[in-house]
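This briefing goes with the sequence and coordinates shown below. It covers the overall architecture first, then individual helices, a loop residue and a pocket.

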Amino acid sequence: MNSKPLDWTALTILIIGAINWGLIGFFQFDLIAAIFGGVTSWVSRILYAIVGIAGIYSLCLFNKVEEEELAHS
């Protein structure tokens, strides 16, 4: 199975999550919470969970990168 679209989707979600964490760290501003009605709203919680799942999935990407590097060596 070709998982490249899933890899790109996970990477995109991680970038969005990283930008949100950067906003929280630098400006104490949670963009997701601001847009979707607070940290405890069900939409915000689902989005936070999706970012977490994308992060866990992306751990598998390390193995894929290593395998591709070995194949090209």
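What should the 24 residues of helix H1 span at 1.5 Å a residue, and how far apart are its end C-alpha atoms? The expected span for residues 4–27 is 34 Å, and the end C-alpha atoms are 34 Å apart, which agrees. The model is a predicted one. Its protein chain holds three helices and zero strands, arranged α-α-α from the N terminus on.

**Overall shape and surface**

- The radius of gyration of the protein chain is 15 Å, whereas the globule rule gives 11 Å for 73 residues, so the chain is more spread out than a compact globule.
- The C-alpha trace spans about 50 × 25 × 15 Å along its principal axes.
- Buried residues make up 18% of the 73 residues of the protein chain.
- The exposed area of the protein chain is about 5,800 Å², and carbon and sulfur atoms supply 73% of it.
- Among contacts in the protein chain with a separation of 6 or more, 45% are between residues 24 or more positions apart.

**Helix H1**

- Four residues of H1 are buried: Asp7, Ala10, Gly17 and Asn20.
- The cover over the buried residues of H1 includes helix H2 (31–36) and helix H3 (42–72).
- An α-helix has 3.6 residues a turn, so residues three or four places apart point the same way.
- Asp7, in helix H1, has a relative accessible area of 15%; this is under the 20% cut-off, so Asp7 counts as buried.
- Apart from neighbours within four places in sequence, the contacts of Asp7 are Tyr57, Leu61 and Lys64.
- Ile16 also has its place in helix H1. With a relative accessible area of 48%, Ile16 falls between the 20% and 50% limits and is therefore partly exposed.
- Ile16 and Val51 lie 35 residues apart along the chain, and their C-alpha atoms are separated by 8.2 Å.

**Loop between H1 and H2**

- Gln28 follows H1 and is found in the loop between H1 and H2.
- The phi of Gln28 is positive, about 50°, although Gln28 is not a glycine.
- Most residues other than glycine have a negative phi.
- Is Gln28 buried or exposed? Its relative accessibility is 76%, which is over the 50% cut-off, so Gln28 counts as exposed.

**Helix H3**

- H3 has 31 residues and reaches 45 Å from its first C-alpha to its last, close to the 45 Å expected at 1.5 Å a residue.
- The buried residues of H3 are Ser44, Ala54, Ser58 and Leu61.
- Both H1 and H2 pack against the buried residues of H3.

**Largest pocket**

- The volume of the largest pocket is about 250 Å³.
- The pocket is lined by 10 residues, of which Lys4, Asp7, Leu61, Lys64 and Glu68 are the closest to its centre.
- H1 and H3 are the elements that give two or more residues to the lining.
- Asp7 recurs here: it is one of the residues closest to the pocket centre, and its contacts include Leu61 and Lys64.
- Leu61 is listed among the buried residues of H3 and is also one of the residues closest to the pocket centre.

Key
Residues are numbered from 1 along each chain as its sequence is written. This is a predicted model: local features need pLDDT of at least 70, side-chain atom pairs count only at pLDDT 80 or more; totals for chains, interfaces and linings use all residues. Side-chain values use heavy atoms; hydrogens and water are left out. The expected span of a helix is 1.5 Å times one less than its number of residues. Buried means under 20% relative accessible area, exposed over 50%, partly exposed in between (1.4 Å probe, protein chains only). Contact means heavy atoms within 4.5 Å. The radius of gyration is taken over C-alpha atoms; the globule rule is 2.2 Å times the number of residues to the power 0.38. Accessible areas come from the Shrake-Rupley method with a 1.4 Å probe; for residues, only the protein chains shown count as cover. On a 1 Å grid over the protein atoms alone, a cavity is a set of points where a 1.4 Å probe fits but cannot get out, and a pocket is an open set with protein on both sides within 12 Å along at least five of seven lines; lining residues have an atom within 4 Å of a point. Grid points are joined across faces, edges and corners, and a volume is the space filled by probe spheres set on the points.
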